[in-house]
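Here are a few exercises to work through with the model open beside you. Try each task before reading its solution.

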Amino acid sequence: MALRHPKGPGPHRRDVPVEAVFTREMGRAPTYQLPSEEISPEVAYQIVHDELMLDGNARLNLATFVTTYMDPLADRLMAETFDKNMIDKDEYPQTAAMEMRCVNMLSNLFNAPDPKAAVGCSTTGSSEAAMLGGLALKRRWQKRRKAEGKPFDNPNLVTGINVQVCWDKFANYWDVEMRLVPMEGERYHLSPEEAVKLCDENTIGVVVVMGSTFDGSYEDVKKTSELLDDLQERTGLDIPIHVDGASGGFVAPFLDPGLEWDFRVPRVQSINVSGHKYGLVYPGVGWALWRDAEALPEDLIFWVNYLGDNMPTFALNFSRPGSQVVAQYYVFLRLGVEGYERVQGYARKVAMYTSAAIAKMGPFELLTKGDELPVFAFKLKDDVENFTVFDVSAALRERGWQVPAYTFPKNREDLAALRIVVRRGFTLDVADMLLDDLRKKVRILEKLKAPVYDRDPGGFHH
Ligand SMILES: *Cc1c(COP(=O)(O)O)cnc(C)c1O
């Protein structure tokens with residue numbers, strides 16, 4: 001065996017062609033076919049990197065709820081764990097242990113009756129967690145109906161019309177009828193009274209959203225539960241609540257500890273929360289939690305081998321990256337309750353500061369001010385006719401800010417608004433830069449004779 005001298009390259013090394021970036025004609029990005037030939041990693045990297053320059057700047061994306069800043073040590077930990085597969089509990093028992101600890105911590109945070117018997121799992125995000133929560137509701141309802149000898153083929157789920165699209169997906173994929181409570185006047189989310197009116201013997205549950213994506217407002221879990229108690233007294237129907245706490249699950253426990261929205265409300269059977277939103281981890285990680293073992297039917301659980309032990313899993317995927325779960329555990333360990341309070345408290349402060357400044361600007365009117373989720377929506381005053389919220393959104397885009405404008409659903413299709421999501425990394429300084437730009441753009445827009453865009457030119461999705 002020939003060993004190469006450590007002091008220098010072997011003689012054949014000189015023959016290796018070096019494709020220097022930008023000193024020769026670059027390849028073109030392929031569109032429809034796998035390229036026939038190999039290229040150097042440097043050139044491939046540059047092509048991909050350069051194309052991505054045209055994507056928006058994530059930190060200026062005020063549309064997303066998803067984390068766009070993590071500290072450099074989190075980046076390092078994630079890079080160190082890209083190769084771990086969450087499903088391989090046997091091979092990566094410590095990653096599995098960290099997942100379990102996160103579930104315990106969340107169970108505790110959400111006031112489960114016995115956090116030591118925590119029931120829950122990590123997911124790719126709130127969408128998967130919502131599917132799992134919805135499936136558990138559906139299965140429980142079916143079992144009860146079967147046991148009673150009643151039909152079990154026509155389930156429905158009651159929510160506000162403002163629910164996130166993952167619930168439409170759930171209903172579509174699993175053949176559940178969606179019963180949507182429309183908006184009315186200045187009520188932009190679920191009305192507990194109207195929700196209960198839509199419930200019947202085929203209702204598998206009511207979804208209450210802690211933090212509506214439309215305007216950042218909390219829905220009233222406790223009131224919904226009380227009205228469902230009344231319904232049970234009157235009719236015998238026992239309808240559970242699932243809380244979609246995608247964003248609020250990581251805000252309310254820290255900033256509104258007295259608010260009872262979680263397992264303190266006995267009717268709440270399950271909760272989903274996005275680790276990658278106010279959980280402060282890059283996408284994609286979410287969590288699904290059940291109040292106790294009874295809330296999650298055994299027959300939905302699969303068992304995988306875990307160091308000779310059997311480990312339960314409930315998931316839509318099989319393989320999945322372990323790095324996000326590791327990062328979640330890191331953030332829990334790093335920040336603790338105190339750190340989360342500080343980060344979310346600052347976000348709420350910046351949200352309220354920004355909304356107050358926007359309200360003072362003249363043409364705008366707030367729908368919410370960011371005192372629940374650090375998120376607020378605002379519209380143009382009714383007498384502004386020469387430009388629209390879509391013009392405002394497009395004007396801000398010229399400076400790189402992404403502030404979505406969108407119309408509301410039934411019965412407020414007449415309402416179009418802008419929304420700003422304040423997250424970790426959106427500081428008072430950055431807010432001032434946004435406000436300066438908005439003031440300048442408004443001065444220009446005020447000179448318009450007629451709107452340029454009367455609807456969303458890009459297509460914004462919640
Ligand atoms: C973001 C969001 C979802 C979907 O969550 P992902 O984590 O993006 O899958 C569901 N519900 C609400 C209320 C949300 O804000």
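## Exercises with solutions

**Exercise 1.** Find where Asp175 sits, and decide whether Asp175 is buried or exposed.

*Solution.* Begin with the loop between helix H5 (165-173) and S3, which is where Asp175 is found. This is a predicted model, so all angles here are computed from predicted coordinates. Next, check the backbone: Asp175 has a positive phi of about 50° although it is not a glycine. Most residues other than glycine have a negative phi. Finally, count neighbours: Asp175 has 10 C-beta neighbours inside 10 Å, and therefore counts as exposed.

**Exercise 2.** Now do the same for Leu280: is Leu280 buried or exposed?

*Solution.* Leu280 lies in the loop between S6 and S7. Its phi is positive too, at about 75°, and Leu280 is not a glycine. The neighbour count is 27 C-beta atoms inside 10 Å, so Leu280 counts as buried; the cut-off for that class is 20 or more.

**Exercise 3.** Which peptide bonds ending at Gly284 and Asn411 are cis, and in which loops do these two residues lie?

*Solution.* Take Gly284 to start: the bond from Pro283 to Gly284 is cis, with omega near 5°. Gly284 belongs to the loop between S6 and S7. Then turn to Asn411, which is joined to Lys410 by a cis peptide bond with omega of about -5°. Asn411 is in the loop between strand S12 (405-407) and strand S13 (416-421). For background, most peptide bonds are trans.

**Exercise 4.** Trace the order of the seven-stranded sheet, and say which strands are at its edges.

*Solution.* The open sheet runs S1-S7-S6-S5-S4-S2-S3, with mixed pairing. Its edge strands are S1 (119-123) and S3 (177-181), each pairing on one side only. On average, neighbouring strands are turned by 20° against each other, direction ignored. Look closely at the S1 edge: S1 pairs with strand S7 (residues 286-290) in the antiparallel sense over five bridges, and Cys121 stands opposite Ala288 in S7. To finish, add helix H3 (residues 93-109), which lies across S1, strand S6 (268-274) and S7 and runs at about 120° to S1.

**Exercise 5.** What span would a straight helix of 38 residues have, and what does helix H9 show instead?

*Solution.* At 1.5 Å a residue, the straight helix would span 56 Å. Helix H9 (residues 323-360) spans only 44 Å between its end C-alpha atoms. Now look for a bend: H9 has a kink of about 85°, centred on Gly336. Just after H9, Gly362 takes a positive phi of about 125°.

Definitions and conventions
Residues numbered from 1 in each chain as written. Predicted model: local features only at pLDDT ≥ 70, side-chain atom pairs only at ≥ 80, totals over all residues. Pairing = 2+ DSSP bridges. Helix = DSSP H or I, 4+ residues; strand = E, 2+ residues; numbered from the N terminus. Axes fitted to C-alpha atoms, helices over the stretch in contact; angles between N-to-C directions. Contact = placed C-beta atoms within 7 Å. Expected span 1.5 Å × (residues − 1). Bend = angle between axes of the 7 residues up to and from the residue. Buried ≥ 20, exposed ≤ 12 C-beta atoms within 10 Å, placed from the backbone.
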